[in-house]
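Student: Could you take me through one part of this model up close? I'd like to see how the first pair of helices sits together, and then what lies around it.

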Amino acid sequence: MRPKDRTALGPALATALGMITGCQGSEVILCTDGAPNSGVGKMNSPDSSCKDYYTMVGNYAKQNGIVVSILAVDGEPVGLENVSPCANISGGNVDVLDPLEIMRQLRLISQNFIVATSVCIEFHLHPEIEVDDDDFPKGSSRIVKEVGNATRDTDVTFFFRRKNTDKDLQVDCLPFQVRVNFTMKDGRKMLRVISKSMNVTKDRAKMEEEMNVDVVGLATAQKTADLASKGKVAQARDRLTSVNRMLNKACNSDEQKEARYNFRTECAELHQDLNDRLSGSYKNTRKRSDMSSRMYSHMMQQSQSRYAGASSSQKQDIASKRRTTDENVRQQYYEYHS
């Protein structure tokens, strides 16, 4: 057996998915030290078939309740810009690690286990409100989002806005409803309906006082990273900058200020990446591209726990739930040998 500088990621991934298709809630962890250069999905194709292939694989995994994660060895370019869609679409992780860190990352992935598959969210708004997202038709007050696989840390956010800003809303409160269809790991199909009404106010001070900063921060980070990954760099930076300015004026309580600090810390690398791309100082090497793709994937998969302040009730609830983690997963964590 002799090495021939071949990295057949595409065939390896297809084989792994074929082996576990039919076992919903399964996960494929793809470890690689190089870019795909052999077989289906190789990067040196003259067209865009490489990225299209991994996008197709991600959609297949999502439809079959399988999560794909990618662990790349630091030091060699992997082509994450083309390969990462299979993880982003299926709900997996993308990371570039020193070889000594891979075992630790495997432990973390095993703890963030799948809780549901075939997740589909219906979001219903008041007729005067529309979803603020270019992925959906303009003017949509009802959308359907196919999430696919959901892990313990999955958080999904939406932006919305008024359809007509020239006239005031003639209502005292706005109704919202979310319907979540999903399949449990034992095969049961479930439906959860969440309804809530929010009061309307013209008092900016009152709005700022009631604002949930960690949710605003999470939604902004996810959307900004999504825009950047699609090449909409200027639009991504504009969104991040405008939210930063709003939070400078809006945060008054200690809890809000703590969440604002977390938001700035989490988004600092992303903000610098966007500034570098727009200023022309971005060196578009394969390694730099891999690091950017890794960062975008991380930001799109982040959960609210990264932004909530340590003293907030949300953070305490999250900590409480994590202390009650499945005993089998905790035992698995300590049985790993590095």
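Tutor: Let's start with a cut-off: an angle under 35 degrees between two helix directions counts as roughly parallel. Keep in mind that what you're looking at is a predicted model.

Now the pair itself. Helix H1 spans residues 9-20 and helix H2 spans residues 49-63; their axes come within 11 Å and cross at roughly 10°. That angle falls under the cut-off, so H1 and H2 are roughly parallel to each other. As for the hand, H1 and H2 make a left-handed crossing.

Which residues do the touching? On the H1 side you'll find Leu-9, Gly-10, Leu-13, Ala-14 and Leu-17. Facing them from H2 are Tyr-53, Tyr-54, Val-57, Tyr-60 and Ala-61. Sort that contact by class and you get nine nonpolar residues, one polar and no charged ones. The polar one is Gly-10, since Gly is put with the polar residues in this scheme.

Next, have a look at the sheet. Three strands make up an open sheet, ordered S1-S2-S3, with parallel pairing. S1 (26-32) and S3 (94-97) are the edge strands; each has a single partner strand, so one side of each goes without a neighbour in the sheet. From one strand to the next, the twist averages 20°.

Zoom in on the pairing of S2, residues 66-73, with S3: the two run in the parallel sense and are joined over four bridges. In one of the pairs to look for, Ile-70 has Val-94 in S3 as its bridge partner. Helix H5, residues 102-111, packs on this sheet and touches S1, S2 and S3. The direction of H5 makes about 165° with that of S2.

A little further along the chain there's an oddity worth a click. Ser-118 belongs to strand S4, residues 114-124, and its phi is near 50°, a positive value in a residue other than glycine. Most residues other than glycine have a negative phi. With 34% relative accessibility, Ser-118 counts as partly exposed.

Finally, zoom out for context. The protein has twelve helices and nine strands, and 41% of its 338 residues count as buried. Among contacts with a separation of 6 or more, 71% link residues 24 or more positions apart.

How values were computed. Residues numbered from 1 in each chain as written. Predicted model: local features only at pLDDT ≥ 70, side-chain atom pairs only at ≥ 80, totals over all residues. Heavy atoms only, no water. Axes fitted to C-alpha atoms, helices over the stretch in contact; angles between N-to-C directions. Parallel < 35°, antiparallel > 145°, perpendicular 65-115°, else oblique. Left-handed = near helix turned anticlockwise from the far one by under 90°. Contact = heavy atoms within 4.5 Å. Pairing = 2+ DSSP bridges. Buried < 20%, exposed > 50% of the residue type's maximum accessible area, 1.4 Å probe, protein only.
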